[in-house]
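Hi,

Here is the structure I promised to pass on. Have a look at it first, and then read my notes below.

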Amino acid sequence: MESNDIFYSKDVILMRKNPPFDLQFVYITYILEFLYKNDVLIINNPKSLRDYNEKISTLSFKYAPKTLITCKKQSIYLFQEEVGDIILKPLNNMGGASVFYLKKNDVNTSVIIDNLTNYQNNFCMIQEYIADIIHGDRRIIIINGIPIPRCLVRIPIDGEIRGNLAAGAIYEIQNLRKIDYDIISKINITSPTGVREIESAYPISISSILLDNIENILNKKHFKEISIFNKI
């Protein structure tokens with residue numbers, strides 16, 4: 001970003017940078033927020049990208065899986081004693097990286113916790129394992145508050161519990177169900193995905209819907225009213 005004039009001359013900037021959520025990511029949001037305050041539309045809002053951790057945010061959802069955020073080994077043991085099998089994952093990564101499935105009394109439990117928390121120094125997310133993951137998780141694309149009627153269903157391959165395409169999962173495109181509005185495991189505003197897969201399977205242009213919304217917002221000059229994200 002060597003020339004500020006280049007960016008001040010833009011009407012809109014789409015920000016979609018894959019995690020990890022690190023200092024470089026934070027610095028980018030500072031720059032984009034400055035432009036946002038000077039009438040450049042940024043999607044998604046850079047302050048939201050910085051402040052809204054898509055994993056920690058699930059604590060506010062009533063129907064999310066039972067969740068614990070901690071760096072303490074004993075707290076993880078107690079949580080596992082309560083809920084049974086658990087999933088452990090870092091708070092700042094993507095694509096199934098460093099996601100672990102632990103059964104009760106797994107001999108690797110201690111070393112996995114040590115590695116993931118850097119010996120009880122780094123927070124991580126621990127969630128109750130939902131066995132229905134074998135049928136896939138559902139990525140729902142929402143643009144400006146309106147869900148796209150088709151969703152990306154990511155299905156783990158045999159021998160895997162991760163539904164990430166980057167981890168080898170397969171996918172299907174399905175219609176939304178009523179229950180999809182109730183159960184949430186994560187909201188992804190950082191790097192929403194599934195657009196190409198849905199567009200390749202059905203005669204729907206999600207890209208056009210997004211661009212039409214952007215044009216409408218620019219015409220109205222209501223810069224704080226548009227977003228695109230995945231509900232998972």
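**What surrounds helix H5**

The buried residues of helix H5 are covered by, among others, helix H4 (73-83), strand E4 (86-90), strand E5 (100-102) and strand E6 (124-128). Before you read too much into any of this, keep in mind that the model is predicted.

H5 itself covers residues 109-117, and its buried residues are Thr-109, Ile-112, Ile-113, Asp-114, Leu-116 and Thr-117. If the spacing of that list looks familiar, an α-helix has 3.6 residues a turn, so residues three or four places apart point the same way. Right after H5 comes Asn-118, with a positive phi near 50°.

**The sheet**

Strands E4, E5 and E6 turn up again in an open sheet of 4 strands, in the order E3-E6-E4-E5, with antiparallel pairing. At the edges sit E3 (67-70) and E5, each of them pairing on one side only. From one strand to the next, the twist averages 25°. Zooming in on one pair, E4 and E5 run antiparallel and are joined by 3 bridges. If you want a spot to click on, Ile-87 has Tyr-101 in E5 as its bridge partner.

**Cysteines**

How many disulfides does the structure hold? The count is 0. For Cys-124, the closest cysteine sulfur is in Cys-71, and at 8.1 Å that is too far for a bond, since a disulfide needs the two sulfurs within 2.5 Å. Cys-124 is buried, at a relative accessible area of 0%. Cys-151 counts as buried too, because its relative accessibility is 0% and the cut-off is under 20%.

**Asp-180**

This residue is in the loop between strand E10 (170-175) and strand E11 (187-188). Is Asp-180 buried or exposed? With 5% relative accessibility, Asp-180 counts as buried. Its side chain makes a polar contact with the side chain of Arg-138 at 2.9 Å. The Asp-180 side chain also reaches the backbone nitrogen of Arg-177, at 2.7 Å.

**What the record says**

UniProt, in an unreviewed entry, puts "domain: Prokaryotic glutathione synthetase N-terminal" at residues 10-50. In the model that stretch is 46% helix and 15% strand, and its end C-alpha atoms are 22 Å apart. The unreviewed entry also lists "domain: Prokaryotic glutathione synthetase ATP-binding" at residues 54-186. Here the span is 15% helix and 29% strand, with end C-alpha atoms 6 Å apart.

Cheers

Technical notes:
Residues are numbered from 1 along each chain as its sequence is written. This is a predicted model: local features need pLDDT of at least 70, side-chain atom pairs count only at pLDDT 80 or more; totals for chains, interfaces and linings use all residues. Side-chain values use heavy atoms; hydrogens and water are left out. Buried means under 20% relative accessible area, exposed over 50%, partly exposed in between (1.4 Å probe, protein chains only). Helices (H or I, at least four residues) and strands (E, at least two) are DSSP runs, numbered from the N terminus. Contact means heavy atoms within 4.5 Å. UniProt positions are given in the numbering used here, feature names are shortened, and annotations may be inferred rather than shown by experiment. A polar contact is a pair of N or O atoms within 3.5 Å; within protein, one must be able to donate a hydrogen and the other to accept it, and residues adjacent in sequence count only if both atoms are side-chain atoms. Two strands pair if DSSP finds at least two bridges between them. Axes are lines fitted to C-alpha atoms, for helices over the stretch in contact, and angles run from 0 to 180 degrees between N-to-C directions.
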